[in-house]
Amino acid sequence: MTRKKMIGNVVFLFVVFGLTIYGVFHGEDFGAMIEAMKKVDPRWLIPGVALVMFYIWGESIIIWYMMRSFRIFLKKRICFLISSVGFFFCCITPSATGGQPMQIYYMKKEKIPIPVATVILMVVTITYKLVLVVIGLGILLFGQGFLHHYLEGILPVYILGILLNVYCVSFMTVLVFHPLLAEKIILKGMDCLERLRVIKRKEARRNRFMESMQVYRETAAYLKEHKRVIVSVIIITFVQRFALFSVTWMVYQAFGIHGTSVWDIVFLQAVISVSVDMLPLPGGMGISETLFLNIFAPVFRAVTLPAMVLSRGLGYYSQLLISAWFTVVAQIYYTLKAARQTDGYKRIEA
């Protein structure tokens, strides 16, 4: 990621953050919210932060596990740094597009071949989206009472989120398991756009596309050869995702409220993730807060706004800060490592 693009993403993040703060707190009694938050039992918030750490750690275990299937024995702490880098750049870029390129950049520093790194991260993306699709469709098909009780006000947004995730998973599945068909469809689409002069004909674009198709072929080969690994990755991803969704349950307990089951709260938080995952906003900022205030109103009642602040503060902003910290650690680590290697080369030459 170039410095100019990085600055642009940070500026965009702060603009969206500013608009979110204004939209959420405009006209609200800020003093009453602070008073409500003072009554919170902080002992429940510590496990909330631990769940966020577990969420980041979960992806690092997936990366570590899949690396071993390629006979690459990377240390778990290095995988954790790579995972943190991914989460940080996902948090600050629209549609979480910046995470994987930066993870590949740091994997290169460990001399991991780019095709291997790309296949691993492709599998992580597919399983991540697949878990959201399973949860989203599961609620839609088998949770009619849940839908009518909590989600009638946001049903169009929720269904849109499911459809976007289903489309994404379906498209990636076609790319992976039917690369020749996908290649023909996309090339014909590019030809059509070029004839209509929507885009200019560029060989470089076609070459990049053909290179990306090779990644999908390699991913398909990996999936076919490592079915047991993929099943394990899907299970870990489910646990990882539900750990993050459970942060809101910790906030619920911190306020000392009773009457709503843990599963209702966890699945309501899952609904928010399904709804906002494909939207071009860093961390679903703005829409996540709005959805929380809407669907959690029957759960948190008078303290819905302070509950939203704590839930988002733990689930997203603490994730941003934790991953930012370990991204800095990763940069320092690899800077020092490069310096040591340079010194070693100089001594050998001397």
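Which element gives the largest share of the nonpolar patch? Helix α11 does, with three residues. Keep in mind as you look around that this is a predicted model.

**View 1. A nonpolar patch sits on the surface.** Five side chains make up this patch of about 450 Å²: Phe-54, Trp-57, Val-231, Ile-235 and Val-239. Two helices, α3 (45–69) and α11 (227–245), each give two or more residues to the patch.

**View 2. Here is Phe-54, one of the patch residues.** You'll find Phe-54 in helix α3. Phe-54 counts as partly exposed because its relative accessible area is 30%, and partly exposed runs from 20% to 50%.

**View 3. Helix α4 is mostly covered.** This helix takes in residues 76–92, and 14 of its 17 residues are buried. How far apart are the end C-alpha atoms of α4? They are 25 Å apart, which agrees with the 24 Å that 17 residues should span at 1.5 Å a residue.

**View 4. Now for the largest nonpolar core, with 103 residues.** The residues with the most contacts inside this core are Leu-151, Tyr-158, Phe-255, Phe-296 and Phe-300. As for helices, α6 (residues 114–142) gives the most to the core, with 13 residues.

**View 5. Zoom in on Tyr-158 and its contacts.** Setting aside neighbours within four places in sequence, Tyr-158 is in contact with Ile-135, Gly-136, Ile-139 and Leu-140, among others. The list also includes Leu-147 and Leu-151, along with Val-271, Val-274 and Ser-275. Leu-151 may ring a bell: like Tyr-158, Leu-151 is among the residues with the most contacts inside the core.

Methods
Residues are numbered from 1 along each chain as its sequence is written. This is a predicted model: local features need pLDDT of at least 70, side-chain atom pairs count only at pLDDT 80 or more; totals for chains, interfaces and linings use all residues. Side-chain values use heavy atoms; hydrogens and water are left out. Patches are made of residues with over 30% relative accessible area and no salt bridge: like charges are joined within 9 Å, nonpolar side chains (Val, Leu, Ile, Met, Phe, Trp, Tyr) within 5 Å. Accessible areas come from the Shrake-Rupley method with a 1.4 Å probe; for residues, only the protein chains shown count as cover. A salt bridge is a side-chain nitrogen of Lys or Arg within 4 Å of a carboxyl oxygen of Asp or Glu. Helices (H or I, at least four residues) and strands (E, at least two) are DSSP runs, numbered from the N terminus. Buried means under 20% relative accessible area, exposed over 50%, partly exposed in between (1.4 Å probe, protein chains only). The expected span of a helix is 1.5 Å times one less than its number of residues. A nonpolar core is a set of buried Ala, Val, Leu, Ile, Met, Phe, Trp, Tyr and Cys residues joined through side-chain atoms within 4.5 Å. Contact means heavy atoms within 4.5 Å.
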